[in-house]
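Me: Please take a close look at one part of this structure, namely the surroundings of a single buried polar side chain, and then set that part in the context of the whole chain.

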Amino acid sequence: MNKRIFSGMQPTGDLHIGNYLGALKTWARMQYDYEPIFCIVDQHAITVYQDPAELQRKTEDVAALYIAAGIDPEHSAIFVQSTVPAHVELAWVFTCITPFGWLNRMTQFKAKSGQQESVGTGLLCYPALMAADILLYQAGIVPVGEDQAQHLELTRDISQRFNALYGETFVVPETRLPVVGARIMGLDEPAEKMSKSAPGANHAVGLLDPPNRIKKLISRAVTDSKPGVDFEDPGAGVRNLLNIYQAFADVTNDEMKEKFDGMRYGDFKKTVAEMIVSHLEPMQKKYEELTADRDVIRGILKKGAERVTPIAHATMDLVRERTGLYRG
Ligand code: AQP
């Protein structure tokens, strides 16, 4: 089996517990059993306008958060997408073989394009770039949250289409979702997934939020009109808080039922908040240490790019050979 894993996050805002439970936690857990490559996808970020200075800073912040969340830079390659130009080179090739209809039906495109007056073509082509990110490294497994599952299916379709047109070239990657925490919902709106770019002040718990804010956010989270936890039939908001607790605590359904069934909402929310704080506090301490000297982060990102570049070049050589792009 192909042991290489690839995944990435956009430096589009403050990472939240959905990003951690849906992706980062799985990355940290899987890393030593695989050959891991983790990317900060800044070219995806600019499909929606980003303040340039903020984007620079956030790119390094996300790298620091990867490490603070348990990604070991000595073992895992961590790098920034735009520092390896082969990503866009391969993305162009994929754009050329991807039917417009495949891109146009992506739910994330529909949601994000609906929020803007003028929609850049990059937002439509985003999944072709994502396919390039993954296939450039011939990754066999891609650990992501559920919202990315549709894009991963498209990546599989693109790899198969390329292979059918030009001959066996790309690994067809598998999606890996966490068993619990694959889709964390907004605290203020449990029908919508928790998102970095959602506007609500009470929407998400940021990975860098201080304990008092976390307690306040959880105490304000939407529940329902029942007096306490109805474990067999919780409302969407309560189910979300149960999921959050279970994903952090790594406990079974039976243990969850035993602990929470019938618990009054005040006590329930206090317990959930304490669980979040106990996990985020050490992460935040590590993050503070890491960001105190940004040269260290920059060094890690440079080394990461140097590690992955030969793999990217080998794939592009093969793609040039297969497609007939001029090699001189
Ligand atoms: N709510 C979520 N629950 C579980 N997993 C989630 N992920 C995102 N939101 C949740 C996972 O986090 C990784 C990073 O995703 P991304 O940076 O590519 O952005 P996204 O998927 O579009 O997530 P956001 O946080 O909502 O960002 P914006 O607002 O910028 O679009 C992915 O593995 C994703 O599945």
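Reply: A polar contact is taken here as a pair of N or O atoms within 3.5 Å, where one atom must be able to donate a hydrogen and the other to accept it. The model is a predicted one, and every value below is computed from it.

By that criterion, the side chains of glutamine 148 and histidine 151 are joined by a polar contact of 2.8 Å. Glutamine 148 occupies the loop that runs between β4 (141-143) and α8 (149-166). Its relative accessibility is 13%, and because the limit for a buried residue is under 20%, glutamine 148 counts as buried. Beyond residues up to four places away in sequence, glutamine 148 touches Gln108, Tyr126 and Met130. A further spatial relation concerns threonine 107: the two residues stand 41 residues apart in sequence, while their C-alpha atoms are 10.0 Å apart in space.

The strand β4 also borders another loop with a glutamine in it. Glutamine 138 is placed between α7 (121-135) and β4. Its phi is near 50°, a positive value in a residue other than glycine. With a relative accessibility of 15%, glutamine 138 is likewise counted as buried.

A third glutamine, residue 31, belongs to the loop between α1 and β2 (35-40). Glutamine 31 is buried at 1% relative accessibility. Its side chain reaches the backbone oxygen of glycine 70 at 2.7 Å. When neighbours within four places in sequence are set aside, the contacts of glutamine 31 are Pro36, Gly70, Ile71, Asp72, His75 and Ser76.

The helix that precedes this loop holds a charged residue worth the same inspection. Lysine 25 lies in helix α1, which spans residues 17-30. Its relative accessible area is 13%, so lysine 25 is buried. The side chain of lysine 25 reaches the backbone oxygen of alanine 247 at 2.8 Å. Apart from neighbours within four places in sequence, lysine 25 is in contact with Tyr20, Ala247, Phe248 and Asp250. The last of these, aspartate 250, is found in the loop between α10 (236-249) and α11 (253-260). Aspartate 250 has a positive phi of about 55°, although it is not a glycine.

The nonpolar residues form a second part of the picture. In soluble globular proteins, nonpolar side chains tend to be buried together. The largest nonpolar core here has 62 residues, and Leu24, Tyr66, Ile244, Phe268 and Ile276 are those with the most contacts inside it. Helix α12 (residues 265-292) supplies the largest share of this core, 11 residues. The core draws at least three residues from each of domain 1 (4-176 + 293-323) and domain 2 (211-288). For isoleucine 276, the contacts outside four places in sequence are Ile17, Val205, Ile214, Ile218, Ile244 and Phe248. Apart from this core lies another one of 42 residues, among them Ala77, Ala86, Ala91 and Phe94.

Phe248 links two of these descriptions: it is in contact with lysine 25 and with isoleucine 276.

The domain assignment places these local features in a wider frame. It gives domain 1, covering 4-176 and 293-323, and domain 2, covering 211-288. The C-alpha centres of domain 1 and domain 2 are 31 Å apart. Across the boundary, 11 residues of domain 1 are in contact with 9 residues of domain 2.

For the chain as a whole, the secondary structure comes to 13 helices and 5 strands. Its radius of gyration is 21 Å, close to the 20 Å that the globule rule gives for 328 residues, so the chain is as compact as a globular protein of that length. Along the principal axes, the C-alpha atoms fill a box of roughly 70 × 45 × 45 Å. Buried residues account for 52% of the 328 residues. Of the contacts between residues at least 6 apart in sequence, 77% join residues at least 24 apart. The accessible surface comes to about 15100 Å², and 51% of that surface belongs to carbon and sulfur atoms.

To return to the part under scrutiny, glutamine 148 is a buried residue whose side chain makes a polar contact of 2.8 Å with that of histidine 151.

Technical notes:
Residues numbered from 1 in each chain as written. Predicted model: local features only at pLDDT ≥ 70, side-chain atom pairs only at ≥ 80, totals over all residues. Heavy atoms only, no water. Helix = DSSP H or I, 4+ residues; strand = E, 2+ residues; numbered from the N terminus. Buried < 20%, exposed > 50% of the residue type's maximum accessible area, 1.4 Å probe, protein only. Contact = heavy atoms within 4.5 Å. Core = buried A, V, L, I, M, F, W, Y, C linked by side-chain atoms within 4.5 Å. Domains from an automatic or database assignment. Rg over C-alpha atoms; globule rule 2.2 N^0.38 Å. Areas by Shrake-Rupley, 256 points an atom, 1.4 Å probe, with all protein chains shown as cover.
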